[in-house]
Number of protein chains: 2
Amino acid sequence: MPVATQGSVKALDPNDLKAIGATIVLANTYHLYLRPGVDIVKNLGGLASFMGWDGPTLTDSGGFQVFSLEHLRKITEQGALFKSHIDGSLHEFTPEATIAHQEGLGADIIMPLDVCVSSDADRATIEETVERTSRWAARCRQAHSGADQVLFGIVQGGLFPDLRTQSSDAITALDFPGYAIGGLSLGESKDETYDTAELTAKMLPVERPRYLMGVGSPEDLVECVARGIDMFDCVLPTRIARNGALFVKSGRVNVDKAPYRAGDGPVEAGCDCYTCLNFSTAYVHHLFRAKEILAYRLATIHNVRFVLRLMEEMRSAIASGSFEAYRREFHANFTPPDQETRHTQRRKWLEAQRRLRDR
Amino acid sequence: MPVATQGSVKALDPNDLKAIGATIVLANTYHLYLRPGVDIVKNLGGLASFMGWDGPTLTDSGGFQVFSLEHLRKITEQGALFKSHIDGSLHEFTPEATIAHQEGLGADIIMPLDVCVSSDADRATIEETVERTSRWAARCRQAHSGADQVLFGIVQGGLFPDLRTQSSDAITALDFPGYAIGGLSLGESKDETYDTAELTAKMLPVERPRYLMGVGSPEDLVECVARGIDMFDCVLPTRIARNGALFVKSGRVNVDKAPYRAGDGPVEAGCDCYTCLNFSTAYVHHLFRAKEILAYRLATIHNVRFVLRLMEEMRSAIASGSFEAYRREFHANFTPPDQETRHTQRRKWLEAQRRLRDR
């Protein structure tokens, strides 16, 4: 799912999304609640109508944003008190309130308020978040009334298999039409992400969609599809695009760098995106160097198309029984870059957790 | 002509330009010469091919940029020595060099190197620029060889009718296929712009296109078409769009401001642009407030469509003999905003001229 945090997939318009093959977009309740406000979106016909998108939508509850260091003020059993990043005003998200906000925003799939901590928090902390997440999930289930929206459940539990089991038992007992795996890609190693995604996916009913939140890179998509995940969201493809980093079969190219100055072919030969079909690498390079706004759109189109095509190809491969061959070929070609992004994220979360403990 | 200074109409792609009704775009030799370099553009098939635009193009010679304070180092009869705004390196533009660069860039219409000064420079200075501009025009004419490109002439002369006559006599004697009026919209009053455009237009052959450089606002377009001008270029529509200022029949609206927060209709009722046909004012407002990149594109699409539709309507009105009625109706509806932009430009030029004189 391309990420439209504030009701816009950064640099793209709805026609771009259609052309890229997007079938659903994700937006964020925390951001839309604060700006422009739920009523504005509701009065304009809901999220999809507001953003001119005629396909399905999903809203995250905003829990992840609320629990990040900058915003969180106080967590109680009732809910989370947080500070607006826009004007510093105080707000409370209870499980019931996030459902009401999401009903107002009107996405097709909505998410319960869960408790987010770094995956390297201690066992006692994770145990506590699992229990609270379950109680909040039950309150969200109770509060949710809309027949035209589906509410997913979210399984927490950090990297502890038994806590993942405890969480998935509690959440699946509430019988949601789809299940998300939360609390991953927050600083742990890739192997830890993959192992936990795999064991958690196995706990979830096979006939319901399994959504791994906040993941991921192309290699993560392949490895987590291999482990039974159906849905993903991640800002990585759009964020790195705006820095000039474009996905290609062999990994990433930093198209703003000198080697691409005179490239007369497309960024990726054979790519079916608008950017590659219509512009040379040299032109995309020039747009980045000249800081032209069009650079961000052309790069974003390419990266989002890259990951959506990857998903399309994996679906075909699964259907034709050739997924393992596809996976091998992907890895034979694709070299992931250094994990700076993950490390930055890890440092931020470690610091956040430390400060929360110190409070 | 929408302005693609660096080979991109800021925030738009070639499909946007087509949809908006653009029939030609303008780019700048100074900018493209410095980055990405003439050879890069040439090797990729020339300006239009480089930017993925399959319509006509025009390049300005870069004289205006070279003569602005920040860049100019020395003017001699030979040419202008200037400093790159990118890396501080020194370069020389002679009349012959600007033609060679523009032949490399490959636009359909190219412009000679002229001498630009503020329209309130003293008579002796303007007289000197008129004479040098004529000599440089002859050198450009001589240097220009391409049968597939047309070279326009540029008439200078400030606000002095007799110097405009002197310049147009010299330039038209060189028999160019089209003529530009330079040295206006550089700090003088609107009445002075209009009066000088009118008297200069009358000096130019009626069967050749007359191009008023660097103009203008919607009211300028109407008033200067009334005075015999056929072609314009101006960054105003795209620049103010990125600040949230959108043209409407009644003038301008600052769509990022509070009154537009909940607007459920289009920015301009009846507008046929992509933005107005697909998005509410509230959404455009939200994109500006949230600093979403899409804001700049949607606003630019609207403003460029506004001025191109204005030109289309004026062409129809002229053809049907109803131009004066159209002009009256336009002014009855349209209130221009304060002239901050012009005043800023004026101050900058006055300062530039003072420093040049002091050197």
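Two strands count as paired here if DSSP finds at least two bridges between them, and helices (H or I, at least four residues) and strands (E, at least two) are simply DSSP runs, numbered from the N terminus. With that in hand, strand 3 and strand 4 of chain A make a hairpin with four residues between them. The model is a predicted one, so local features need pLDDT of at least 70 and side-chain atom pairs count only at pLDDT 80 or more, while totals for chains, interfaces and linings use all residues. Residues are numbered from 1 along each chain as its sequence is written, and chains are lettered from A and ligands numbered from 1 in the order in which they are written.

Back to that hairpin. Strand 3 (residues 72-75) and strand 4 of chain A run antiparallel and are joined by three bridges, with A:Ile75 sitting opposite A:Ala80 of strand 4. On its other pairing, strand 4 of chain A meets strand 5 (residues 90-93) of chain A, again antiparallel, over four bridges. Here A:Leu81 has A:Glu92 of strand 5 as its bridge partner. These two strands also form a hairpin, with six residues between them, and A:Gly88 in the turn has a positive phi of about 75°. In a regular strand the side chains alternate between the two faces of the sheet. Strand 4 (residues 80-83) of chain A has A:Ala80 and A:Phe82 on a covered face, and A:Leu81 and A:Lys83 on an uncovered one.

Zooming out, chain A has 16 helices and 13 strands. Its radius of gyration (taken over C-alpha atoms) is 20 Å, close to the 21 Å that the globule rule (2.2 Å times the number of residues to the power 0.38) gives for 359 residues, so chain A is as compact as a globular protein of that length. Along the principal axes, the C-alpha atoms of chain A fill a box of roughly 60 × 45 × 40 Å. A residue is called buried if 20 or more other C-beta atoms, placed from the backbone, lie within 10 Å of its own (exposed means 12 or fewer, and partly exposed is in between). By that count, buried residues make up 51% of the 359 residues in chain A. Two residues are in contact if their C-beta atoms, placed from the backbone, lie within 7 Å. Of the contacts in chain A with a separation of 6 or more, 65% come from residues 24 or more positions apart.

Helix 10 (residues 218-226) of chain A is a nice case of burial: seven of its nine residues are buried, so this helix is largely enclosed by the rest of the structure. Among the buried ones are A:Asp220, A:Leu221, A:Glu223 and A:Cys224. The cover over the buried residues of helix 10 includes helix 9 (190-203), strand 12 (245-248) and helix 15 (323-333) of chain A. After helix 10 of chain A comes A:Gly228, with a positive phi near 100°.

The domain assignment (bounds taken from an automatic or database assignment) gives chain A a domain 1 (1-111) and a domain 2 (239-319). Their C-alpha centres lie 28 Å apart. Nine residues from domain 1 of chain A and 11 residues from domain 2 of chain A take part in the contact between them.

Over in chain B, four strands form an open, parallel sheet in the order 8-9-10-11. Strand 8 (153-155) and strand 11 (231-232) of chain B stand at the edges with a single partner strand each, so one side of each has no neighbour in the sheet. Strand 10 (residues 210-212) and strand 11 of chain B pair in the parallel sense over two bridges, and B:Tyr211 stands opposite B:Met231 of strand 11.

How do the two chains fit together? A rotation of 180° with 0.0 Å of shift along its axis superposes chain A on chain B, with an RMSD of 0.0 Å (a least-squares fit on the C-alpha atoms of residues with pLDDT of at least 70 in both). The two copies are thus related as by a two-fold rotation axis. Of the residues of chain A, A:Ile293 comes closest to that axis, at 3.8 Å (C-alpha). The contact takes 30 residues from chain A and 31 residues from chain B. On the chain A side, helix 13 gives the most, with five residues.
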